[in-house]
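Colleague: I would like to go through the labels attached to this model and hear what stands behind each of them. Could you set each value against its cut-off?

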Amino acid sequence: MITGINYNNEIIKIDKFKNIHDFIKTYIDLWYFSMITFSTVGYGDMTVINIAGKVLVSIEVFIGVTMGASWASVIFRKMSR
């Protein structure tokens, strides 16, 4: 939200809103990007625009993969008992 993303050749940042409707739409778009990144699906329709965004996305992907693996480990351990 802070660094911005590129979507349909338009830069979306949290500071580019004029009213509450634009803010909510921007927030939902950025939430979508975050969830797609966190789940490591990565449709490619939205991309980060600078180094800080790439670092944040890399951390989010790492956390998403780690949480997914941890969840699978817990489920497997419970089922194998």
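Colleague: Why does asparagine 9 count as exposed?
Modeller: Its relative accessibility is 77%. Exposed means over 50% relative accessible area, buried under 20%, and partly exposed in between, with a 1.4 Å probe and protein chains only. Asparagine 9 therefore falls in the exposed class. The model is predicted, local features need pLDDT of at least 70, side-chain atom pairs count only at pLDDT 80 or more, and totals for chains, interfaces and linings use all residues. Residues are numbered from 1 along each chain as its sequence is written, and side-chain values use heavy atoms, with hydrogens and water left out.

Colleague: Where does asparagine 9 lie, and what is notable about its phi?
Modeller: Asparagine 9 is in the loop between E1 and E2. Its phi is near 60°, which is positive in a residue other than glycine. Most residues other than glycine have a negative phi. Asparagine 8 is found in that loop too, between strand E1 (5–7) and E2. Asparagine 8 has a positive phi of about 55° and is not a glycine either. The relative accessible area of asparagine 8 is 61%, so asparagine 8 is exposed.

Colleague: What makes a stretch a strand or a helix here?
Modeller: Both are DSSP runs numbered from the N terminus: helices are H or I with at least four residues, strands are E with at least two.

Colleague: Where is the confidence lowest, and where is it highest?
Modeller: The score is pLDDT, the predictor's confidence in each residue, from 0 to 100. The mean is lowest in strand E2 (residues 10–12), at 81, and highest in helix H2 (residues 51–79), at 90. The protein chain averages 85, and 96% of the residues score at least 70.

Colleague: How do you know that E1 and E2 pair?
Modeller: Two strands pair if DSSP finds at least two bridges between them. E1 and E2 have three bridges, in the antiparallel sense, so the condition of at least two is met. As one example, isoleucine 5 has isoleucine 12 in E2 as its bridge partner.

Colleague: What is the strand order in the sheet, and what makes a strand an edge strand?
Modeller: The order is E2-E1-E3, an open sheet of three strands with antiparallel pairing. E2 and strand E3 (46–48) are the edge strands, as each pairs on one side only. Direction ignored, neighbouring strands are turned by 35° against each other on average. H1 packs on this sheet and touches E1, E2 and E3, with its direction at about 80° to that of E3.

Colleague: Why is H1 called oblique to H2?
Modeller: Helix H1 (residues 20–38) packs against H2 at an angle of about 50°, and the axes are 8 Å apart. Axes are lines fitted to C-alpha atoms, for helices over the stretch in contact, and angles run from 0 to 180 degrees between N-to-C directions. Under 35 degrees counts as roughly parallel, over 145 as roughly antiparallel, 65 to 115 as roughly perpendicular, and the rest as oblique. H1 is therefore oblique to H2.

Colleague: Which residues make up the contact between H1 and H2?
Modeller: Contact means heavy atoms within 4.5 Å. From H1 come Phe33, Ser34, Thr37 and Phe38, and from H2 come Val57, Glu60, Val61, Ile63, Gly64 and Met67. By class there are six nonpolar, three polar and one charged residues. Nonpolar covers Ala, Val, Leu, Ile, Met, Phe, Trp, Tyr, Cys and Pro; charged covers Asp, Glu, Lys and Arg; the others, Gly among them, are polar.

Colleague: Why does aspartate 29 count as buried?
Modeller: Aspartate 29, in helix H1, has 15% relative accessibility and therefore counts as buried. Apart from neighbours within four places in sequence, aspartate 29 is in contact with Ile12 and Met46. The C-alpha atoms of aspartate 29 and isoleucine 12 are separated by 8.5 Å, at 17 residues apart along the chain.

Colleague: What makes threonine 26 buried?
Modeller: Threonine 26 lies in helix H1 and has a relative accessible area of 11%, so it is buried. Beyond neighbours within four places in sequence, threonine 26 is in contact with Ile12, Lys13 and Ile14.

Colleague: Is alanine 52 buried, partly exposed or exposed?
Modeller: Alanine 52, in helix H2, has a relative accessible area of 42% and is therefore partly exposed.
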